[in-house]
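Open the model in your viewer and keep the selection tool ready. This tour moves from one selection to the next and says what is there.

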Amino acid sequence: MSHVYHRPELARDIATQLLRPGVLEQGLRSGLFLFGPRRTGKTTFLLHDLIPALENAGALVVYVDLWTDVSADPSTPIHTALRAALKCLQSTTGDLLSRLPRHRNPDVAATRLSFSFETADLGTPTGATIAQVAKEIVDQAKTDLVFIVDEVQHMLTSGAGLALMRAFKAARDAVNASPNTPGHFIFIGAGSHRAQVVGMTEGNQSAFLGATSIEFPALGEDYVQSVLQILSQEKVKVIPSLLVASQSFALVGRRPEELLRALRILQQYQPPEADHYLPVIAAALKVAAADIESK
Ligand SMILES: Nc1ncnc2c1ncn2[C@@H]1O[C@H](COP(=O)(O)OP(=O)(O)OP(=O)(O)O)[C@@H](O)[C@H]1O
Ligand SMILES: [Mg+2]
């Protein structure tokens, strides 16, 4: 990826609400579900902003994207990610503990954890439950464990995925309800299917009933301004005004790729024509995108 526009303040705010919630934010510990339209930057925000903010605040983070292999049963990549994290935590050279800020976890940052279960058995009928795994990690690392599942709606597609959803809930309850726990277990799900993602926190059948679902805060004018600044540094010929570029960004659904595509097409016009043609190009791209989505 060439240029990532970072949103450290937004990430810090979400991380603080998750890890050190005020009295009105306690519900976030029950689980946070983020939904937003396709290609608006959810994964980029999770990887480049939220995970660093969570780690910087002292949490251990495990991330898995169910989109990387949609043909696989969702439980497979989740167990693989968990096994990889456990392996990291058991090794002195693993980077998971060493990424923790030492001033927050001085005694654990340099040690390795040892578990009472076989890591390799995880996901088999005789393997440890996620609740047991989460509890041992939190108790030994003495910090919060955050599990992030991107494209979380895929967990609804199989019996094993649904069972894992219940296992995550059991892990949350086992860790968070334990008196004097040195950390919490926090589950974050992200996805583009609004109804399915929100549905995971509603309805009596939902494992995460009562968890919080929020709309992913889409990129705004500050992102557009950063793009225009780069264009000007790169001496690009045809550059629109911030106002028109922001309106066009909104028109294409706040999708960075579509804005860049529109700006590329704009280069065939003359500089004074920029503000006139960019909205026309954006409108055409919007129609083309709607055509593809409706097919
Ligand atoms: N903060 C950002 N700065 C620059 N480019 C970005 C940013 N966020 C997203 N993009 C670009 O937008 C495109 C879509 O981003 P991303 O994959 O993060 O979105 P998504 O919402 O997770 O998409 P999907 O619905 O396919 O999972 C990518 O090409 C990415 O590089
Ligand atoms: Mg994504």
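Start with strand β3, residues 145–150, and strand β4, residues 185–191. In this predicted model, the two strands run parallel and are joined by six bridges. Now pick Val149. Across from Val149, in β4, stands Gly189.

**The whole sheet**

Widen the selection to every strand of the sheet. Five strands make up an open sheet, and their pairing is parallel. Read across in this order: β2-β3-β4-β1-β5. Which strands stand at the edges? They are β2 (60–65) and β5 (212–215). Each has a single partner strand, so one side of each lacks a neighbour in the sheet. Turn the view to look along the sheet. From one strand to the next, the twist averages 15°.

**Helices on the sheet**

Add helix α2, residues 42–56. Helix α2 lies across β1 (32–35), β2, β3 and β4. Compare its direction with β2: the angle is about 165°.

Next, add helix α3, residues 75–90. Helix α3 also packs on the sheet, where it touches β2 and β3. The direction of α3 makes about 150° with that of β2.

**From α3 to α6**

Keep α3 and select helix α6, residues 159–176. The axes of these two helices come within 9 Å and cross at roughly 40°. That angle makes α3 oblique to α6. Show the side chains where they meet. On α3, pick Ser75, Ile78 and His79; on α6, their counterparts are Ala160, Leu164 and Phe168. By class, this contact of α3 with α6 has four nonpolar residues, two polar and no charged.

**α8 against α10**

Move on to helix α8, residues 221–233, and helix α10, residues 256–266. They pack at an angle of about 35°, and their axes are 12 Å apart. The crossing of α8 past α10 is right-handed. Which residues make the contact? From α8, select Tyr223, Val224, Val227 and Leu231. From α10, select Pro256, Leu259, Leu260 and Leu263. Colour them by class: eight are nonpolar, with no polar and no charged residues in this contact.

**Last stop: α9**

Finish with helix α9, residues 242–251. Which of its residues are buried? Val244, Ala245, Ser246, Ser248 and Phe249 are. Then step past the helix to Gly253. Gly253 follows α9 and has a positive phi, near 75°.

Methods. Residues are numbered from 1 along each chain as its sequence is written. Chains are lettered from A and ligands numbered from 1 in the order in which they are written. This is a predicted model: local features need pLDDT of at least 70, side-chain atom pairs count only at pLDDT 80 or more; totals for chains, interfaces and linings use all residues. Side-chain values use heavy atoms; hydrogens and water are left out. Axes are lines fitted to C-alpha atoms, for helices over the stretch in contact, and angles run from 0 to 180 degrees between N-to-C directions. Helices (H or I, at least four residues) and strands (E, at least two) are DSSP runs, numbered from the N terminus. A crossing is left-handed if the near helix is turned anticlockwise from the far one by less than a right angle, and right-handed if clockwise. Contact means heavy atoms within 4.5 Å. Ala, Val, Leu, Ile, Met, Phe, Trp, Tyr, Cys and Pro count as nonpolar, Asp, Glu, Lys and Arg as charged, and the others, Gly among them, as polar. Two strands pair if DSSP finds at least two bridges between them. Buried means under 20% relative accessible area, exposed over 50%, partly exposed in between (1.4 Å probe, protein chains only). Angles under 35 degrees count as roughly parallel, over 145 as roughly antiparallel, 65 to 115 as roughly perpendicular and the rest as oblique.
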